[in-house]
Structure formats: structure tokens, C-alpha cells
Amino acid sequence: THKKALLSLWEIARHIYNQCLSESLRRVDLMRQSKRFQHLRKQPPSIERTTQFAELDQQFGFQEYALHSFVKQLRFSYLGDHLDSATSQALATRAFKAVQKLLFAKAKKVRFKTRATMGSLESKTNDSGIRFREGFICFGKLQLKAIINPSDPVIVYSLAHRVKYVRLIQRKIKGKIRFYTQLVLEGKPYIKPK
């Protein structure tokens with residue numbers, strides 16, 4: 001069934017996210033232990049200090065695109081047979097940003113995703129990965145017909161705009177798992193006529 005296929009893709013995505021998060025934390029820990037990092041932390045803020053921190057990020061591979069390379073290696077393992085590169089890279093970016101918040105003291109800790117907390121999946125564009133095509137959500141080998149209300153003026157207005165990317169959302173409602181789609185669109189929001 002479609003639900004079973006989606007749940008297995010979700011589980012693979014969760015593993016990829018958690019492995020990216022773990023790898024990001026490992027790289028940050030190594031960077032924090034370095035003498036150069038300890039020295040830079042004590043310096044007053046300056047452009048030179050920022051440049052040196054960026055060099056450290058590069059040296060220890062704590063960069064978004066370095067994590068994209070890491071996720072590429074994961075995709076060649078058993079995990080990658082099912083999940084496309086665009087969705088995998090979006091998961092890597094999400095993990096990188098979570099650890100970056102931790103590094104900049106904008107978060108106290110990062111959380112690994114459990115089955116209950118992996119709430120959404122998205123791709124980077126509508127050209128690959130999770131796509132919306134003529135009323136269908138295409139994801140891997142799945143083609144799911146979207147339930148669209150053609151009499152809703154907000155939906156009619158929205159679907160006239162270019163889809164930038166698609167987000168799938170999983171919710172548990174009254175004990176049952178439901179899937180929803182969010183389309184991230186170009187353009188201005190719909191304004192109801194007065």
C-alpha cells in the first residue's frame with residue numbers, strides 16, 4: 001500500500017537525518033577541541049576572527065556542502081537505494097543548521113529524530129525528489145493523487161503559481177497516521193475580496 005511505502009521512506013529519511021546530525025556533532029566536537037578554536041574564542045569579535053572561524057569550519061568539514069558529500073556516501077549504502085539525492089541533501093542541510101544553532105548558542109541541545117518526532121520531509125526544488133505534477137505527488141516510485149478542493153478560491157489562486165518545492169507532513173490524528181502536502185509557492189499570498 002501507499003501508506004506502507006511512505007512509512008518505509010520516512011524511516012530511511014529519519015536514519016539519514018540522524019546520521020548527518022551525528023556526523024555534524026562529531027566534526028564540531030573535533031573543532032572545539034582544537035587549540036586554534038580555543039584561542040579564537042578568547043579573541044574579541046572582528047572580521048579577521050570571523051574569517052579564521054570560517055577557515056576552521058572548512059578544515060574540520062563543518063560546512064553544509066561537506067555534509068552533502070557525506071550524505072552522498074550514505075546514499076550508496078543500503079539507505080540510498082530508496083531516497084533521492086535532493087531529499088537526502090535537504091535532510092543534511094536540516095541537520096547542519098540544527099548543529100550550527102548549537103554552535104552559535106542559539107540552541108541548548110539538538111535532538112535525534114524518533115519515529116514520533118520526524119514530522120516532515122521536503123526536497124530542494126520541484127524538479128527532483130518530492131514533486132508536484134498535475135495534481136499528483138511524485139516521490140520515488142510513488143504517485144499519489146492529491147485531494148484538492150477545486151471550488152476553494154485560495155487553492156485555485158495558489159495552484160496558478162509556480163511550485164518552488166514540496167513538503168510532506170505526517171500527523172497522528174485519533175491514533176491514525178495521516179499524510180498531508182504543503183506546496184511552497186512563488187508569488188504573493190491570496191487576499192480575500194472585501
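Is Lys-174 buried or exposed? Let's work through that and two further exercises on this predicted model, in which local features need pLDDT of at least 70, side-chain atom pairs count only at pLDDT 80 or more, and totals for chains, interfaces and linings use all residues. Residues are numbered from 1 along each chain as its sequence is written, and side-chain values use heavy atoms, leaving out hydrogens and water.

**Exercise 1. Place Lys-174 and Ala-105, and describe their backbone and exposure.**

Step 1. Lys-174 is exposed, at a relative accessible area of 84%. Here buried means under 20%, exposed over 50%, and partly exposed in between (1.4 Å probe, protein chains only).

Step 2. Find Lys-174 in the loop between strand S5 (163–173) and S6. Helices (H or I, at least four residues) and strands (E, at least two) are DSSP runs, numbered from the N terminus.

Step 3. Check the backbone: Lys-174 is not a glycine, yet its phi is positive, about 50 degrees. Most residues other than glycine have a negative phi.

Step 4. Turn to Ala-105, in the loop between H5 and strand S1 (120–122). Its phi is also positive, near 60 degrees, and Ala-105 is exposed with a relative accessible area of 67%.

**Exercise 2. Describe the largest pocket and its lining.**

Step 1. Start with the volume, about 630 Å³. On a 1 Å grid over the protein atoms alone, a pocket is an open set of points where a 1.4 Å probe fits, with protein on both sides within 12 Å along at least five of seven lines; lining residues have an atom within 4 Å of a point. A volume is the space filled by probe spheres set on the points, which are joined across faces, edges and corners.

Step 2. Look to the centre: of 23 lining residues, Ala-146, Ile-147, Phe-179, Tyr-180 and Thr-181 are the closest.

Step 3. Assign elements. Helix H1 (2–33), strand S4 (142–145), helix H6 (153–158) and strand S6 (176–185) each supply at least two residues, and S6 gives the most, seven.

Step 4. Sort by class: the lining holds 16 nonpolar, four polar and three charged residues. Nonpolar covers Ala, Val, Leu, Ile, Met, Phe, Trp, Tyr, Cys and Pro; charged covers Asp, Glu, Lys and Arg; the others, Gly among them, are polar.

**Exercise 3. Do the same for the second largest pocket.**

Step 1. Its space is about 310 Å³.

Step 2. Among its 13 lining residues, Phe-37, Phe-53, Asp-57, Leu-103 and Phe-104 lie nearest the centre.

Step 3. H3 provides the largest share of this lining, five residues.

Step 4. By class, seven lining residues are nonpolar, two polar and four charged.
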